[in-house]
Amino acid sequence: MNYKTVAERMRKIRKEKGVTITHIQEVSGCKYFIIRRLLWGKRAPRLSEFALLCKALGASADELLDTEEEWEIIEK
């Protein structure tokens, strides 16, 4: 799982729910250019940004992070 996959899911959910970037800005407090970079997978979101984007999109973190790929568990 990488942040570009998460960005694709964010864009899909935004489109499905009709959420505007202006709405995301108002809810998250993030600047327009940061939101655009996150939605297009140009950079990975910080945890705080990710949480705010989930809230603004009305989506759970599980929806954005869910993957059919199997996570590898590393035991120390």
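Student: In which helix does Ser 28 lie?
Tutor: The model is a predicted one. Within this model, Ser 28 belongs to the helix that covers residues 21–28. That element is helix H2.

Student: Is Ser 28 buried or exposed?
Tutor: The relative accessible area of Ser 28 is 9%. A residue counts as buried under 20%. Ser 28 is therefore classed, at 9%, as buried.

Student: Which backbone oxygen does the side chain of Ser 28 reach?
Tutor: A polar contact requires N or O atoms within 3.5 Å. The side chain of Ser 28 has such a partner at 2.6 Å. A polar atom of this side chain also lies 3.1 Å from the backbone nitrogen of Cys 30. The oxygen asked for is that of Ile 24.

Student: Leaving aside neighbours within four places in sequence, which residues are in contact with Ser 28?
Tutor: Ile 24 and Cys 30 do not enter this answer, as the question leaves aside neighbours within four places in sequence. The residues in contact with Ser 28 are then Ile 35 and Leu 52.

Student: Is Ser 48 buried, partly exposed or exposed?
Tutor: Ser 48 lies in helix H4, residues 47–57, and its C-alpha atom is 9.5 Å from that of Ser 28. The relative accessibility of Ser 48 is 47%. Because this value falls between 20% and 50%, Ser 48 is partly exposed.

Student: Which helix supplies the largest share of the largest nonpolar core?
Tutor: This core has 18 residues, and Ile 24 and Leu 57 are among those that touch the most other members. H1, H2, H3 and H4 each supply at least two of its residues. The largest share, five residues, comes from H4.

Note on methods
Residues numbered from 1 in each chain as written. Predicted model: local features only at pLDDT ≥ 70, side-chain atom pairs only at ≥ 80, totals over all residues. Heavy atoms only, no water. Helix = DSSP H or I, 4+ residues; strand = E, 2+ residues; numbered from the N terminus. Buried < 20%, exposed > 50% of the residue type's maximum accessible area, 1.4 Å probe, protein only. Polar contact = N/O pair within 3.5 Å; in protein donor to acceptor, adjacent residues only side chain to side chain. Contact = heavy atoms within 4.5 Å. Core = buried A, V, L, I, M, F, W, Y, C linked by side-chain atoms within 4.5 Å.
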